[in-house]
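Visitor: I would like to go through a protein model and ask, label by label, what each label rests on.
Guide: Here is the model.

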Amino acid sequence: MAQVVKDAKNKMKLTATTWQTVGPFFRIGLERLYVDDLTVPDIPGERVEIVGRVLDGDGQGVPDAVVEIWQADAQGNYPEPQNVEAKTNESAHLKSIFRGFGRIATEPDGSFHIKTIKPGRVPAPDGTLQAPHLAVSIFMRGLLRRLVTRLYFPDDAANSQDFILKIDPARQATLIAKKSASRDDLLEWNVVLQGPHETVFFDC
């Protein structure tokens, strides 16, 4: 793209403009919709906290990305969006409603954290059961389409049966969170956008 400018002799010439990327506009449009804690008091299930970073190909944190998760509850049921929306403004019901959806922006160093429960198993397209997982979407500057991936839980026996995880072990490792040495309920998981340790992303 070029813009028209005039030189000292008032002659017209074309000068290249700087490159532009998409956004980031997340804090302007989405900040009021961020949800980083899905663990409402009356919901059953194993509580977990997930911490990590969104990293570029050079290992640097991406400061203006948004991480979204979508998941089933502990019984393996996805929340009905219309039910959650209908009761959002009814404070008496909020303690018994599991949203199943979270959204959080990364910090300046690319870090993020979210609290949730470990989901139950849900059916795969072939009718078998999938291992417990979170569906994860990444939005960031320069992306015209979101990136889609998954987070699986470490040491879950069902991982060996999940159709997604029947891939090369080195690639498989990018989808499975790691236990933290500091706390039993803390998991660590990074999203790597490029390079030899790139996270597995799916066409959706």
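The exchange below takes some of the labels in turn.

Guide: Keep in mind that this is a predicted model. The protein has 4 helices and 11 strands, and buried residues make up 39% of its 204 residues.

Visitor: Why is threonine 149 called buried?
Guide: Its relative accessible area is 0%. Buried means under 20%, so threonine 149 falls in that class.

Visitor: Where is threonine 149 placed?
Guide: Threonine 149 is in strand S8, which covers residues 147-152.

Visitor: What makes the approach of the side chain of threonine 149 to the backbone oxygen of valine 200 a polar contact?
Guide: The distance is 2.6 Å. A polar contact needs a pair of N or O atoms within 3.5 Å, and the pair of threonine 149 and valine 200 is listed at a value inside that limit.

Visitor: Which residues is threonine 149 in contact with, leaving aside neighbours within four places in sequence?
Guide: They are Leu134, Ala135, Val136, Leu175, Trp189, Thr199, Val200, Phe201 and Phe202.

Visitor: Why does threonine 174 count as buried?
Guide: Its relative accessibility is 12%. The cut-off is under 20%, so threonine 174 counts as buried. Threonine 174 lies in the loop between H4 and strand S9 (178-179).

Visitor: What lies at polar-contact distance from the side chain of threonine 174?
Guide: The backbone oxygen of arginine 171 lies 2.8 Å from a polar atom of that side chain. The backbone nitrogen of valine 200 lies 3.2 Å from a polar atom of the side chain of threonine 174. The limit is 3.5 Å, and both values are within it. Beyond four places in sequence, threonine 174 is in contact with Trp189, His197, Glu198, Thr199 and Val200.

Visitor: Which residues are closest to the centre of the largest pocket, and what is its volume?
Guide: The volume is about 340 Å³. Of the 16 lining residues, the closest to the centre are Ala173, Thr174, Lys178, Asn190 and Val192.

Visitor: Which elements supply at least two residues of the lining of the largest pocket?
Guide: Strand S3 (47-55) and helix H4 (169-172) each do so. The largest share, 3 residues, comes from S3. By type, the lining of the largest pocket divides into 8 nonpolar, 5 polar and 3 charged residues.

Visitor: Why is the other space called a cavity?
Guide: In a cavity a 1.4 Å probe fits but cannot get out, whereas a pocket is an open set. The count comes to 1 cavity of 30 Å³ or more. About 40 Å³ of space lies in the largest cavity.

Visitor: How do you know that the lining of the largest cavity is nonpolar?
Guide: The lining consists of Ile50, Val67, Ile69, Phe112, Ile114, Leu134, Val136, Leu151 and Trp189. Ile, Val, Phe, Leu and Trp count as nonpolar, and the division is therefore 9 nonpolar, no polar and no charged. Strand S4 (66-70), strand S6 (111-117) and strand S7 (133-139) each supply at least two of the lining residues.

Visitor: Why does arginine 103 count as buried?
Guide: Arginine 103 has 13% relative accessibility. With the cut-off at under 20%, it counts as buried. Arginine 103 is found in strand S5 (residues 101-105).

Visitor: What joins the side chains of arginine 103 and glutamate 68?
Guide: A polar contact of 2.6 Å joins them. In sequence, arginine 103 and glutamate 68 are 35 residues apart, and their C-alpha atoms are 4.3 Å apart in space.

Visitor: Why is aspartate 155 called exposed, and aspartate 109 partly exposed?
Guide: Exposed means over 50% and partly exposed runs between 20% and that value. Aspartate 155 has a relative accessible area of 67%, so it is exposed. Aspartate 109 is at 38%, so it is partly exposed.

Visitor: Where do these two aspartates lie?
Guide: Aspartate 155 lies in the loop between S8 and H4, and its phi is near 60°, a positive value in a residue other than glycine. Aspartate 109 lies in the loop between S5 and S6. Not counting residues up to four places away in sequence, aspartate 109 touches Arg53 and Gly61.

Notes. Residues are numbered from 1 along each chain as its sequence is written. This is a predicted model: local features need pLDDT of at least 70, side-chain atom pairs count only at pLDDT 80 or more; totals for chains, interfaces and linings use all residues. Side-chain values use heavy atoms; hydrogens and water are left out. Buried means under 20% relative accessible area, exposed over 50%, partly exposed in between (1.4 Å probe, protein chains only). A polar contact is a pair of N or O atoms within 3.5 Å; within protein, one must be able to donate a hydrogen and the other to accept it, and residues adjacent in sequence count only if both atoms are side-chain atoms. Contact means heavy atoms within 4.5 Å. On a 1 Å grid over the protein atoms alone, a cavity is a set of points where a 1.4 Å probe fits but cannot get out, and a pocket is an open set with protein on both sides within 12 Å along at least five of seven lines; lining residues have an atom within 4 Å of a point. Grid points are joined across faces, edges and corners, and a volume is the space filled by probe spheres set on the points.
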